[in-house]
Amino acid sequence: MDEEAYPRRNYLNADYRFRSWLWTTDHKRIAILYMISVTLFFFIGGAAAVIFRLELMTPRGDLTIAETYNRLFTLHGVIMVFFFLIPSIPAVLGNFVLPMMLGARDLAFPKLNLASWYIFMIGGLMAVGAIVAGGADTGWTFYSPYSSLYSNSNVILMALGIFVAGFSSILTGLNFIVTTHTMRAPGLTWFRLPLFVWSLYATSLIMVLGTPVLAITLLLLAAERGLGIGIFDPALGGDPILFQHLFWFYSHPAVYIMILPSMGVISEIVACFSRNRIFGYTFVAFASLAIAVIGFLVWGHHMFVAGGSIYAGMVFSFLSMLVAVPSAIKVFNWTATLYKGSVSLETPMLYALGFIGLFTLGGLTGLFLATIAVDVHVHDTYFVVAHFHYIMVGGAVMGYLGGIHYWWPKITGRMYPEWWGRLSAGIIFIGFNLTFFPQFVLGYLGMPRRVHEYVDEFQVLNVMSSAGASILGVGYLIPLAYLIWSLRYGRLASANPWGATGLEWRTPSPPTTYNFDKTPVVREEAYQYDQDELLSV
Amino acid sequence: MHLHVVPKSTYFIVAGCLFALMVLTVGAAQFDLGMWNTPIAMAIALAKATLIVLFFMHVRYGDPLLQVFAAGGFLWLIILLGLTFADYLTRR
Amino acid sequence: MSAPVAASAGHVAHHFDDAEQQYASAELGMWLFLATEVLFFGGVFCAYAVYRYWYPEAFAEGSHHLDLPLGTVNTAILLLSSLTMALAVRAAQTSEQRAIVRNLGFTVLLGLGFLGIKSYEYYHKFEERLVPGPNFVTRHPELAQQPGGESRYPPPAEVKEEPRYKLSSTAELFFSLYFVMTGLHALHMVIGIGILGVLIVAAVRGAFSAAYFTPVEMTGLYWHFVDIVWVFLFPLLYLIH
């Protein structure tokens with residue numbers, strides 16, 4: 001490992017003025033802006049979860065009334081999906097490392113990148129404004145005609161906030177795709193790219209091709225509600241199920257916006273901490289693209305009981321099963337990468353291993369839900385809630401935290417405290433399973449989601465879940481504390497503390513403003529971890 | 001990447017074709033062709049769009065990557081329409 | 001007539017290696033943006049397709065209440081503006097300064113003409129109460145004969161004396177889609193005209209030449225795309241038999 005001195009001039013100390021952050025076009029600084037913003041949103045969404053998990057400790061509504069409860073889970077869903085999960089890995093970690101992984105000085109459109117953050121914040125403020133004004137109670141799915149005709153809540157402002165934030169997602173995706181095409185360093189062919197780049201590319205495709213449909217759908221919804229221009233209004237002969245089609249055309253692929261970047265992070269971490277080349281690089285790379293494309297063909301599995309065609313349901317059911325193939329390829333290949341590797345269990349690796357297990361569980365229960373007969377039984381129950389939390393929290397959030405720890409030395413130039421890192425990774429894993437595994441059981445026994453009261457038989461499992469949630473909450477607060485602590489007191493990081501491959505580790509920690517003094521030339525494949533050499537160190 | 005300057009005459013010919021197609025589509029709409037009215041109108045619109053994309057938007061002279069990107073949006077639109085109609089065409 | 005894109009150091013941003021990389025990025029980015037636009041409009045086209053499949057008669061009846069001659073004139077105007085836009089890009093490529101300004105100017109005028117006619121059509125629809133919403137009542141008896149429910153809204157009090165007919169609800173769907181589709185299209189036109197205005201100011205100052213014409217070319221792509229949207233809207237809205 002090469003010990004380089006803390007670089008005197010880097011992107012963090014290049015300029016200390018406040019406006020140098022607000023007007024920055026440096027992808028690394030924009031990543032930091034995003035990191036602060038999504039962390040804020042994460043804890044806003046988490047606060048709502050705290051309240052409704054407390055409410056669910058007892059079978060009666062003794063903390064909140066039904067209306068408040070509806071607003072709380074809507075808040076939680078909207079904020080977590082649109083303002084945390086979707087921007088988290090792409091806009092924070094992707095923004096930070098993608099140009100460095102490509103050997104580029106910045107993204108192709110730096111000003112657009114900054115604009116996307118401002119757009120995101122405007123959308124976020126609109127959504128928070130809607131919450132402060134009383135909140136929406138439609139659920140994050142905004143199903144018409146409830147949202148357009150009956151709900152007496154702040155649907156328009158909430159929907160327009162998401163509409164606006166969608167453009168930031170589009171701009172990020174557009175920027176990533178163009179950058180990956182045009183800004184690769186000499187010698188960096190497509191099949192030498194780190195797998196994180198492949199997964200971000202696949203994610204960006206979904207952002208660019210899916211988000212506009214959500215935008216127009218929410219616009220139509222707002223027009224129907226605000227201007228009386230009925231598009232989905234059954235009183236005019238309109239079809240509310242059409243809203244669901246258009247909504248899920250984006251919102252199912254959006255699940256892959258959340259999980260694909262996480263998969264890319266896991267590929268980086270697993271290769272690095274088992275000192276092995278990724279098993280079947282090409283398969284993992286193409287699996288990302290396959291998930292992105294097939295992800296667009298499966299949205300109807302959210303609508304099996306909505307009243308559409310049963311024949312279309314069968315087609316969607318079959319297509320949904322197909323997604324399991326590329327997902328399984330990834331899981332098998334990560335596992336094979338571990339095989340005969342020299343595995344070391346640093347914090348990022350703990351998150352990665354957690355991801356593999358939890359994602360597998362979440363993915364397999366997804367197959368249950370893709371089967372029409374089972375879905376009719378568990379639709380709109382806690383089984384669904386548990387399933388998608390295993391994907392989104394067990395998958396996406398685990399990957400995000402793993403990636404934050406993995407690249408923290410690069411981002412800040414400081415090491416986080418390893419012992420605390422491992423501790424909180426363990427706490428999060430335990431807390432997560434205690435929170436969400438009982439929900440599989442609850443759902444299978446028939447407890448519906450989105451209710452604040454339930455029959456007495458379900459109380460034991462609900463108390464378990466709430467207890468797990470409090471453990472999980474502690475698990476999330478510990479990293480917040482020690483990562484902030486490490487900014488000042490952490491050990492100085494070398495340029496490459498993990499001995500990892502990849503161009504981002506060839507820059508100093510933290511990098512200089514333009515990343516590379518001279519454009520690097522790539523002469524080797526990705527993940528050239530030579531075990532013999534490392535064992536001798 | 002090379003700058004390709006298209007002769008003016010090409011643009012005028014393409015514009016002429018576009019106007020001819022416009023007249024054709026308005027004309028065709030005046031006759032009752034049964035179920036064929038809509039397919040004909042859509043075919044003419046598609047022809048006009050193709051002319052604009054290929055010549056005015058220079059996709060004909062662009063590199064293959066651009067052609068893929070230009071087609072991609074329309075391909076995804078077909079996915080949206082196709083699977084949505086898988087529902088509507090087979091509802092009981 | 002092929003020539004390499006001439007590098008002009010003044011126009012290359014710091015993070016690009018050369019003008020060629022910068023141009024390729026801009027072109028790719030623009031086409032990706034247009035792909036998002038295709039899907040943005042695609043959502044409404046999908047809604048249109050579903051409802052037209054369900055209510056063909058109501059759509060045909062609604063279509064007959066649009067102004068076909070004005071629609072045709074507008075189509076011709078937009079096609080012509082696409083030609084002048086293409087000529088403006090060509091003029092930039094060949095560094096013909098006066099021709100750039102002239103053709104951009106024609107394009108703006110044609111675009112304004114289109115919007116003028118569109119406004120007149122909208123005005124007429126308001127007059128005839130063909131705008132969806134609480135006042136959606138009309139004097140056209142044939143529309144009232146369409147299958148479907150009664151109007152949801154009581155007729156406004158101030159027009160109680162006039163003879164009027166309640167429109168079928170499905171015809172209201174047609175006009176909802178008409179206003180959303182043409183409204184979004186017109187919004188894109190307004191944005192396009194704004195960008196063209198900026199370009200004209202820059203062109204008068206001689207900003208564009210064979211060495212650097214990216215903004216003209218990219219705006220051209222946008223303008224042609226908006227034209228293509230109309231190429232589909234015209235037969236779908238005005239030409240239903």
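Helices, at least four residues long, and strands, at least two, are taken here as DSSP runs numbered from the N terminus. On this basis, chain B of the predicted model has three helices and one strand. Their order along the sequence of chain B is β-α-α-α.

The complex as a whole received an ipTM of 0.95 and a pTM of 0.93 from the predictor. For chain C, the average pLDDT is 85, and 81% of the residues score at least 70. Two stretches of chain C fall below a pLDDT of 50. In residues 1-9 of chain C, where the pLDDT is below 50, the model has 20 contacts beyond near neighbours in sequence. In residues 138-165 of chain C, also below 50, there are 51 such contacts.

The dimensions of chain B depart from those of a compact globule. A compact globule of 92 residues would have a radius of gyration near 12 Å, whereas the value for chain B is 17 Å. The C-alpha trace of chain B spans about 55 × 35 × 10 Å along its principal axes. Of the 92 residues in chain B, 29% are buried.

Chain A has 16 helices and zero strands. Its radius of gyration, 23 Å, agrees with a compact globule of 537 residues, for which a value near 24 Å would be expected. Along the principal axes, the C-alpha atoms of chain A fill a box of roughly 70 × 45 × 45 Å. Buried residues account for 59% of the 537 residues in chain A. Among the contacts in chain A between residues at least 6 apart in sequence, 85% join residues at least 24 apart.

Helix H8 of chain A covers residues 240-273, 34 residues in total. From its first C-alpha to its last, H8(A) reaches 50 Å, close to the 50 Å expected at 1.5 Å a residue. H8(A) nevertheless contains a kink of about 35°, centred on Trp248(A). A residue counts as buried when 20 or more other C-beta atoms lie within 10 Å of its own. Because 33 of the 34 residues of H8(A) are buried, H8(A) is largely enclosed by the rest of the structure. Just after H8(A), Arg275(A) adopts a positive phi of about 45°.

H8(A) also takes part in the contact between chains A and B. This contact involves 13 residues from chain A and 10 residues from chain B. On the side of chain A that touches chain B, two or more residues come from each of helix H7 (195-227), H8 and helix H10 (310-338) of chain A. H10(A) provides the largest share, three residues. By residue type, the side of chain A that touches chain B consists of eight nonpolar, five polar and no charged residues.

The contact between chains C and B takes 41 residues from chain C and 37 residues from chain B. On the side of chain C that touches chain B, at least two residues are supplied by each of strand S1 (2-4), helix H1 (19-54), helix H3 (68-93) and helix H7 (214-238) of chain C. H1(C) gives the most, with 16 residues. The side of chain C that touches chain B divides into 28 nonpolar, nine polar and four charged residues.

How values were computed: Residues numbered from 1 in each chain as written. Chains lettered and ligands numbered in written order. Predicted model: local features only at pLDDT ≥ 70, side-chain atom pairs only at ≥ 80, totals over all residues. Contact = placed C-beta atoms within 7 Å. Nonpolar A, V, L, I, M, F, W, Y, C, P; charged D, E, K, R; others polar. Expected span 1.5 Å × (residues − 1). Bend = angle between axes of the 7 residues up to and from the residue. Buried ≥ 20, exposed ≤ 12 C-beta atoms within 10 Å, placed from the backbone. pLDDT = per-residue confidence, 0-100. Rg over C-alpha atoms; globule rule 2.2 N^0.38 Å.
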